[in-house]
Amino acid sequence: QAQLVESGGGLVQLGGSLRLSCVASGFSLTDYNMAWYRQAPGKSVREREAIASITRESISKFCSDSVKGRFTISRDNAKNTIYLEMSSLKPEDAARYYCSAGPSITPPYDMCTQPLLNDFWGRGTQVTVSS
């Protein structure tokens, strides 16, 4: 059974850093493009914000200008894992963070704007930023 499990969230001070991990099981990440999303408190699933995506070939793209220069997405296919390095955390970064796997199809689709086409989602990991 395909599964994504996020970890690494927690309580961090304003300006601090965290590294989120997302481990895949039941399928190989090498067959999928991946992305991170977040859902802020009080927001619906439809309002889930795309953060960054990374292709099977490790070409990354930011979906949100608000995280540029502070967040980095990466993947380790050998470990079937993707990461989200977060630094200079702000109160508005507090959210539940989700990873998702999207099929590598032709023509390709933009995981930033078309998350409904993704195949698998994790249950998320909570990030809280304290001031």
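In this short talk I will go from the overall fold of this predicted model to one hairpin, and then to a few individual residues.

Let me begin with the whole chain, where the secondary structure amounts to 0 helices and 11 strands, so that reading along the sequence gives β-β-β-β-β-β-β-β-β-β-β. The radius of gyration is 14 Å, close to the 14 Å that the globule rule gives for 131 residues, and the protein is therefore as compact as a globular protein of that length. Along the principal axes, the C-alpha atoms fill a box of roughly 45 × 25 × 25 Å. Of the 131 residues, 43% count as buried, and the accessible surface comes to about 6,900 Å², with 49% of that belonging to carbon and sulfur atoms. If we take the contacts with a separation of 6 or more, 59% of them are between residues 24 or more positions apart.

Next, the hairpin formed by β7 and β8, which has 4 residues between the two strands. Strand β7, residues 71-76, runs antiparallel to strand β8, residues 81-86, and 6 bridges join them. On β7, Phe71, Ile73 and Arg75 make up the covered face, while Thr72, Ser74 and Asp76 make up the uncovered one; Ser74, from that uncovered face, has Tyr83 as its bridge partner in β8. In the turn we find Asn80, whose phi is positive at about 55° although Asn80 is not a glycine, and this residue is buried, because its relative accessible area of 15% is under 20%.

Most residues other than glycine have a negative phi, and most peptide bonds are trans. Ser58, in the loop between β5 (49-54) and β6 (60-62), also has a positive phi, near 65°, but Ser58 is partly exposed, with a relative accessible area of 41%. As for the peptide bonds, a cis one joins Thr106 and Pro107, with omega at about -5°, and Pro107 belongs to the loop between β9 and β10.

Finally, Asn118 is found in the loop between β9 (95-103) and β10 (120-121). Is Asn118 buried or exposed? Asn118 is buried, with a relative accessible area of 8%. With its neighbours within four places in sequence left aside, Asn118 is in contact with Tyr37, Ser100, Ala101, Gly102, Pro103, Tyr109 and Met111. For Tyr109, there is also a polar contact of 2.7 Å between its side chain and that of Asn118.

Terms used. Residues numbered from 1 in each chain as written. Predicted model: local features only at pLDDT ≥ 70, side-chain atom pairs only at ≥ 80, totals over all residues. Heavy atoms only, no water. Buried < 20%, exposed > 50% of the residue type's maximum accessible area, 1.4 Å probe, protein only. Polar contact = N/O pair within 3.5 Å; in protein donor to acceptor, adjacent residues only side chain to side chain. Contact = heavy atoms within 4.5 Å. Pairing = 2+ DSSP bridges. Rg over C-alpha atoms; globule rule 2.2 N^0.38 Å. Areas by Shrake-Rupley, 256 points an atom, 1.4 Å probe, with all protein chains shown as cover.
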